[in-house]
Amino acid sequence: MVKTAPAASTDHAAHLLGLQGMPAAELRGLLGAAWRMDQRLRREPASCRDALSGRVVANLFFEDSTRTRTSFSVAAKRLGAEVVELIGSTSSVSKGETLIDTARNVASMGVAAVVTRTKQSGGAHGIARAFDTLGPACAVINAGDGRHEHPTQGLLDALTIAEALDRLESFDFTGLSVAIVGDVISSRVARSNVAALTTLGARVTLVGPPAMAPASLSALAPGVEVGHDLDAVLPRADAVMMLRIQFERAGEGNPAPGEMPRKLPAMASVREYRERYALTTERAGRLKPGAVVLHPGPINRGLELDQSVADGPASVILRQVALGVAVRAAALARCVLGREAF
Ligand code: CP
């Protein structure tokens, strides 16, 4: 939810911490602003260039990122902001400084917004609480906190689905069926998507082996279903969101680039996982006509998703990335400048 922070040193400062509990009208407002931002950045980029002129946006990333960190930087620069980058491993966190102290020190330098990714669930919320009670006044945007939420990813996924499936006018997803497949239990992307997609009216089914998609996940939102048979769910899905197996969260370590992992968390073998849950070329042939394939990235190519599907006609994966810039620009504008900004 976008929460207003008191006593802002900027004209307006609010936080974007998560999508769980966000009212439909607010969600649709953010998606509409992101879509308008996409159009403006493409058609009249000069009209956006001064929006955050004179402001500083700080990326505080305590966990690795390619897409999110880069797109927040690109978005801030497209709005005329200056961007500073602090990577956890090269910060004084390595000397024992807390995340909150780090964030408060950076924000004290006159920063308008802190964009933060933390390994800990609730990391961004803790920083926002500290800002609100102790200062400084500064917007906090959650760029992913542990297994909890990744709100701008949830927004860009919803925007991608709306564009691909012709729901841009209303952002009403009633009648759409979305399957989220794979390591759901580890996924903050899945949690933000469940919140956004169900609020917009979609039918959401979480699919994976029982250890990765336990029945208890149906409690994430009213109407969420959990299944373990991808082949049964696939033919009715209008959008299929494949998830990466998060070896790092299962304590398995990452496979070397180009290598297949030896062991899957909570799964007997790579072969068994692929047989039952991968979106293979053969399985993608049974997608509903017009259905789209999403993946938040990074992709374990050849594990959860075949090369030909990732790069095939149903894939909207790079469109997700492109729309991520507009979503993040809209989020920055909304948090720093306020509701009327775009
Ligand atoms: N989708 C996503 O969060 O990707 P990054 O980890 O590269 O930011």
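**Close-up views of a predicted model**

**View 1. Helix 5 lies across three strands of the predicted model.** In this predicted model, helix 5, spanning residues 151-164, lies across strand 7 (177-181), strand 10 and strand 11. Relative to strand 11, helix 5 runs at about 165°. If you follow the chain onward, the loop between helix 5 and strand 7 holds aspartate 166. Aspartate 166 is worth a look in a backbone torsion plot: its phi is positive, about 60°, although this residue is not a glycine.

**View 2. Five strands build an open, parallel sheet.** Reading across the sheet, the strand order is 9-8-7-10-11, and the pairing is parallel. Which strands stand at the edges? They are strand 9 (225-227) and strand 11 (292-294); each has a single partner strand, so one side of each is left without a neighbour in the sheet. From one strand to the next, the twist averages 20°.

**View 3. Strand 10 and strand 11 run side by side in parallel.** Here we zoom in on one pair from the sheet. Strand 10 covers residues 239-242 and is joined to strand 11 by three bridges. To find your way between the two, start at methionine 241, whose bridge partner in strand 11 is leucine 294.

**View 4. Nine residues are listed around the ligand, from Ser65 to Gly297.** The surrounding residues are Ser65, Thr66, Arg67, Thr68, Arg117, His150, Gln153, Pro296 and Gly297. Sorted by class, this shell has six polar, two charged and one nonpolar residue.

**View 5. Polar atoms of the protein meet oxygen and nitrogen atoms of the ligand.** Two contacts to look for involve ligand oxygen: a polar side-chain atom of threonine 68 lies 2.6 Å from an oxygen atom of the ligand, while a backbone N or O atom of arginine 67 lies 2.9 Å from a ligand oxygen atom. On the nitrogen side, a polar backbone atom of proline 296 is 2.8 Å from a nitrogen atom of the ligand. How much of the ligand does the protein bury? Taken alone, the ligand exposes 250 Å², and the protein buries 93% of that.

**View 6. Cis peptide bonds lead into proline 136 and proline 298.** The bond from glycine 135 to proline 136 is cis, with omega near 0°. Proline 136 has its place in the loop between helix 4 (123-134) and strand 6 (139-145). Glycine 297 and proline 298 are also joined by a cis bond, here with an omega of about -10°. Glycine 297 belongs to the residues surrounding the ligand, and proline 298 is found in the loop between strand 11 and helix 10 (307-310).

Notes: Residues are numbered from 1 along each chain as its sequence is written. This is a predicted model: local features need pLDDT of at least 70, side-chain atom pairs count only at pLDDT 80 or more; totals for chains, interfaces and linings use all residues. Side-chain values use heavy atoms; hydrogens and water are left out. Two strands pair if DSSP finds at least two bridges between them. Helices (H or I, at least four residues) and strands (E, at least two) are DSSP runs, numbered from the N terminus. Axes are lines fitted to C-alpha atoms, for helices over the stretch in contact, and angles run from 0 to 180 degrees between N-to-C directions. Contact means heavy atoms within 4.5 Å. A residue is near a molecule or strand if one of its heavy atoms lies within 4 Å of it. A polar contact is a pair of N or O atoms within 3.5 Å; within protein, one must be able to donate a hydrogen and the other to accept it, and residues adjacent in sequence count only if both atoms are side-chain atoms. Accessible areas come from the Shrake-Rupley method with a 1.4 Å probe; for residues, only the protein chains shown count as cover. Ala, Val, Leu, Ile, Met, Phe, Trp, Tyr, Cys and Pro count as nonpolar, Asp, Glu, Lys and Arg as charged, and the others, Gly among them, as polar.
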